[in-house]
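Visitor: I should like to go through this model by means of questions. Please show the structure, and we may then begin.

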Amino acid sequence: MRHLVILGAGTGGTVAANHLRKKLSRKEWALTVVDRDDEHYYQPGFLFIPFGFLEKKDIVKPKSKFLPKGVDFIQAEIDRIFPAENRVLLEDGRSLPYDYLIVATGAEIVPSETPGMLEGWRETIFDFYTPDGAEALGAKLKTFSGGTLAVHVNETPIKCPVAPLEFAFFCDDCLRRHGKRDKVEIVYVTPLPGAFTKPVASRILGGLLEKKNIRMVADFNAEKVDAAARKIVGYDGREVPYDLLVTVPTNMGSEMIERSGMGNEFRFLPTDPATLRAKKFENIFALGDATDVPASKAGSVVHFQSEILAENILRAIDGRPLEPAFDGHANCFVEMGKGKAILIDFNYETEPLPGRFPFPLLGPLPLLKPSRINHWGKLVFRWIYWHLLLRGRKIPFVPARMKMAGKKRPGAARDGSQ
Amino acid sequence: MPQKMVGNAAVDVDADGYLTDFSQWTRDVAAAIAAEEGIAALGPAHWKVIEFMQKEFKETGQAPSIRRLNKSGVITTKELYELFPGGPAKKAARIAGLKKPEGCV
């Protein structure tokens, strides 16, 4: 019997298990999935909790329910990987030998990386990247009477890079509906030079911030938070005062990666961006937030990666060359408030562009433009996530590799590939 | 690909002014780009950072993050901001002749 071990039963680990259990013979291959808990959160739902649109219980289901038959699910903390010995050590002392290993242990917020941040934690400083954090923030927002609300990104990369923008848009919308917008100043603080990493989307999203009267503080790298004085202090000496700080702390990979001595400075696993094989280890693959590939840390990315990862593991097992097919494809709905959302579709090479998706002209979803149908798209996506995406099924009309068809570069001549 | 005069040398650059051909990089080119970035003179501490970045780029194909520079023990983040005021990762990468750091998406 040969062993495939998957670390993590989040989006990536679950999809990988569903793909590979179908493709690997049950007589020859045992498949084991390890995770520390059995709670699978629909993470795009975190954003909606502070505003009361969703509750924690609406977005959680058992992880084990989404794993296929013929998979052994072990609920335990992982101590570390011993890559030279091809085994994983669990904290309870059990040892799991493997022929192939998939690392899908995700990323998490680490507020302790910023001096002072934990001092006002869940008093005047909140996150919405954890279920408990989102819930605590919801309670705080109910009693927040006015002042400066700072929405802050501490350091990139972060999971779902558009989430803090969506949060700021929702705040604006919510305050307007309650007639309290004039009592609150919203400030968007980011280490990036603009609202987004890529120029066209940055311009459009930045314009929306301005239109909604949200002040942007760009190129801001926080040295520390002074919780007593309620201000963020930048390395360049600039200060941002706040009454309520909603921060996205530094995101890092699992501590297990660091204990294994395999991570980069963010505890992400160095991974080939095209084949998804670990750069230093022939029989270790990785996907999703746990890797250092320069793609968005987002569920859509994991979904697109999973097909390619499964194919490459089969190729590696057969001794065939890997297929360098992952192009960095990401596809995200960005909520704008007022029942509208923007859709962006991009990859390593092509930034988010305006146009129509998934079909040129027909759409029906417009790209990089606020619309109601995109908002409905985002709501429908929760169903797609549980029923298609996690099961490793295809999402209709959305292939793993990005398509240029339907996209237009503003100001440029008509793109030849359309 | 646009060409641009930095100091006395004509170099190929991208839209943001980053060199596209590292073989055109010299210490004089670095000094001229630094001057454009508002750094009057490159001292030993600047060079230590520049050389480390070039070494990392050669090994990984990417300019190192501020966190990587800090963790490597080459320089603290605070000092980095003093040496390359404004956006140190981007400025130092440009002076070192590397491509623009991948904005993390």
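Visitor: Does Gly120(A) count as buried, exposed or partly exposed?
Guide: The model is a predicted one. Gly120(A) lies in the loop between strand E10 (107–109) and strand E11 (125–126) of chain A. A residue is buried if 20 or more other C-beta atoms lie within 10 Å of its own, and exposed if 12 or fewer do. Gly120(A) has 18 C-beta neighbours inside 10 Å, so the class is partly exposed.

Visitor: Which residues does Gly120(A) touch, not counting those up to four places away in sequence?
Guide: The C-alpha atoms of Gly120(A) and Ala228(A) are separated by 7.6 Å, although these positions lie 108 residues apart along the chain as their spacing. With residues up to four places away in sequence left out, the contacts of Gly120(A) are Ile125(A) and Ala227(A).

Visitor: Is Leu137(A) buried or exposed?
Guide: Leu137(A) belongs to helix H2 (residues 131–143) of chain A. Beyond four places in sequence, this residue touches Pro50(A), Phe126(A), Phe128(A) and Val246(A). Within 10 Å of Leu137(A) there are 24 other C-beta atoms, so Leu137(A) is buried.

Visitor: What separates the centres of domain 1 and domain 2 of chain A?
Guide: The domain assignment of chain A gives domain 1 as 2–108 + 253–318 and domain 2 as 109–251. In the contact between them, 14 residues of domain 1 of chain A meet 21 residues of domain 2 of chain A. By class, the domain 1 side has 8 nonpolar, 2 polar and 4 charged residues. Taken over C-alpha atoms, the separation of the two centres is 30 Å.

Visitor: Which strands stand at the edges of the open sheet E6-E7-E8 of chain A?
Guide: This sheet has 3 strands in the order E6-E7-E8, with antiparallel pairing. A strand with a single partner has one side left without a neighbour in the sheet, so the edges are strand E6 (78–82) and strand E8 (95–97) of chain A.

Visitor: Which residue in E8(A) stands opposite Leu89(A)?
Guide: Strand E7 (residues 87–90) of chain A pairs with E8(A) in the antiparallel sense over 3 bridges. Opposite Leu89(A), in E8(A), stands Ser95(A).

Visitor: How many residues of strand E21 of chain A are buried, and what is the bridge partner of Gly337(A) in E22(A)?
Guide: Strand E21 (residues 330–337) of chain A has 8 of its 8 residues buried, so it is largely enclosed by the rest of the structure. E21(A) runs antiparallel to strand E22 (residues 340–346) of chain A, and 7 bridges join them. The two form a hairpin with 2 residues between them, where Lys338(A) in the turn has a positive phi of about 55°. In E22(A), the bridge partner of Gly337(A) is Lys340(A).

Visitor: Over what arc do the buried residues of helix H1 of chain B lie?
Guide: In helix H1 (residues 27–36) of chain B, Ala30(B), Ile33(B) and Ala34(B) are buried. They are on the same side of H1(B), because the arc they cover around the axis is only 105°.

Visitor: Against which elements do the buried residues of H1(B) pack?
Guide: H1(B) is followed by Gly38(B), whose phi is positive, near 85°. The buried residues of H1(B) pack against elements of chain B, namely strand E1 (3–6), helix H2 (44–60) and helix H5 (88–95).

Visitor: How many residues of chain B are in contact with chain A?
Guide: On the side of chain A that touches chain B there are 8 nonpolar, 3 polar and 5 charged residues. These 16 residues of chain A are in contact with residues of chain B, which number 14.

Technical notes. Residues numbered from 1 in each chain as written. Chains lettered and ligands numbered in written order. Predicted model: local features only at pLDDT ≥ 70, side-chain atom pairs only at ≥ 80, totals over all residues. Contact = placed C-beta atoms within 7 Å. Nonpolar A, V, L, I, M, F, W, Y, C, P; charged D, E, K, R; others polar. Pairing = 2+ DSSP bridges. Helix = DSSP H or I, 4+ residues; strand = E, 2+ residues; numbered from the N terminus. Arc of directions from axis to C-beta. Domains from an automatic or database assignment.
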